[in-house]
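Please open the model in a viewer and keep the sequence panel in sight. The tour proceeds by selections, each followed by a description of what is found there.

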Amino acid sequence: MLGLIGRRLLVLLPLLMVISFLVFSLILLIPGDPAVALAGDQPDPKRIAEIREMLGLDQPFFQRYLDWLGAVLQGDLGRSLFTDVPVLESLATRLPVTLSLAALAVVFALLLGFAVGSLAALRPGGLLDRFATVAASAGIAVPYFWVGMALVSVFSLGLTWFPAVGYTALSQDPVGWLHHLAIPAIALGLAPAAAVARQARSAMGTVLRGDYIRTARAKGLGPFHVVVKHGMKNAAVPVVTVLGTEAARLIGGTVVMEQLFALPGIGQLAYQAVFNRDFPVVQGVVMAAAVGVLLINLIVDVSYGYFNPRIRQT
């Protein structure tokens, strides 16, 4: 297992270098000049030139990239152009909110999707199977924000069971933390749950047709033991694959959900930084998101080795 992790980490190093270059190149793609934005209304060219020199924007592109990369390797992502707060500090402050939302959404998607898909696979063509197929298709098609607004209308504004906006830290009030994140996590995790359900149904259906499953049933094992003891682990690899893909997509979904529910996470920080043309913050957020996606892919690869020992040797 350690060898598998080491090989995957070696592959990630060149990817990180390429990603760092692409992230820094975002400066060329974002419209507007931060020096003009910082100079205020009707700035004179001299003031703009002074700000560009102060920010290092008058230097060649590759020189700026090497300077930025050297600072990143030392843990310095720069400072916000507007608040002068270190980008790393802003990310560290908001990261727990985004991680909490994404983690709850992934747990919800895994539990609901795997349970529904596994139950549907037990009786192919049955009523539950047909319902799960229709529900999964609808869940994938419906946008995050529509589900979020519908849930808020019913459970927050109508029944007043959950707050519509806001956030409570886990360390301050665990119950309040879950209470505030329940609706956005369900809204964010519904589409991944539908994708997991479809994949779990297909994978479990294939596994349940195997010879060893028929042998287990012939020995008198009930459906629960057949599915849990013999089916789940063998059906887990394709499910983990789709779950990893959906978890990576959730990083983008958090931007929408954090704006909708007024959650002070990284998604909200990215939204504000783009509109303010705060390039260091945009670069820091995108770099953090890219590293997060790579870590998710690493976890998925390592999980393959757990569920299928033969992969550890490849």
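Is V256 buried, partly exposed or exposed? The coordinates to be inspected are those of a predicted model. Select V256, which is located in helix α11. Its relative accessibility is 37%, and V256 therefore counts as partly exposed, since that class covers values between the 20% limit for buried and the 50% limit for exposed.

**The nonpolar patch**

Keep V256 selected and add F145, W146, M149 and L260; together these five residues make a nonpolar surface patch of about 460 Å². Colouring by element is helpful at this point: α8 (144-158) and α11 (223-260) are the elements that give two or more residues to the patch. Helix α8 provides the largest share, namely three residues.

**The whole chain**

Next, clear the selection and display the full chain as a cartoon. The chain has 13 helices and zero strands. Followed from the N terminus, every element in the run is therefore an α element, in the order α-α-α-α-α-α-α-α-α-α-α-α-α. Of the 314 residues in the chain, 40% are buried. Switch to a surface display: the accessible surface of the chain comes to about 17300 Å², and carbon and sulfur atoms account for 68% of this area. If contacts are drawn between residues at least 6 apart in sequence, 74% of them join residues at least 24 apart.

**S20 in helix α1**

Return to the cartoon and select S20, which has its place in helix α1 (residues 2-24). With a relative accessible area of 2%, S20 is buried, because the limit for that class is under 20%. Show the side chain of S20 and the backbone of M17: the S20 side chain reaches the backbone oxygen of M17 at 2.6 Å. Which residues does S20 contact beyond its neighbours within four places in sequence? Add Y65, W68, L69 and M287 to the view, as these are the residues in contact with S20.

**The aromatic rings**

Now display the aromatic side chains; a search of the whole structure finds four aromatic pairs. Begin with F21 and F62, a stacked pair with 6.1 Å centre to centre and 15° between the planes. F21 lies in helix α1 and F62 in helix α5 (residues 61-73), so this pair ties together parts that are 41 residues apart in sequence. The two partners may also be viewed by accessibility: F21 counts as partly exposed at 29%, whereas F62 counts as exposed at 55%.

Keep F21 and select Y65 in place of F62. F21 and Y65 form an edge-to-face pair, with 5.3 Å centre to centre and 85° between the planes. Since F21 lies in helix α1 and Y65 in helix α5, this pair ties together parts that are 44 residues apart in sequence. Y65, at 8% relative accessibility, counts as buried, and Y65 is also one of the contacts of S20.

Finally, select F21, F62, Y65 and W68 together. Ring pairs link these four residues into a cluster. Add S20 to this last view, as S20 is in contact with both Y65 and W68.

Key:
Residues are numbered from 1 along each chain as its sequence is written. This is a predicted model: local features need pLDDT of at least 70, side-chain atom pairs count only at pLDDT 80 or more; totals for chains, interfaces and linings use all residues. Side-chain values use heavy atoms; hydrogens and water are left out. Helices (H or I, at least four residues) and strands (E, at least two) are DSSP runs, numbered from the N terminus. Buried means under 20% relative accessible area, exposed over 50%, partly exposed in between (1.4 Å probe, protein chains only). A polar contact is a pair of N or O atoms within 3.5 Å; within protein, one must be able to donate a hydrogen and the other to accept it, and residues adjacent in sequence count only if both atoms are side-chain atoms. Contact means heavy atoms within 4.5 Å. Patches are made of residues with over 30% relative accessible area and no salt bridge: like charges are joined within 9 Å, nonpolar side chains (Val, Leu, Ile, Met, Phe, Trp, Tyr) within 5 Å. Accessible areas come from the Shrake-Rupley method with a 1.4 Å probe; for residues, only the protein chains shown count as cover. A salt bridge is a side-chain nitrogen of Lys or Arg within 4 Å of a carboxyl oxygen of Asp or Glu. Rings of Phe, Tyr and Trp (its six-membered ring) pair if their centres lie within 6.5 Å; planes under 30 degrees apart count as stacked, over 60 as edge-to-face and the rest as tilted.
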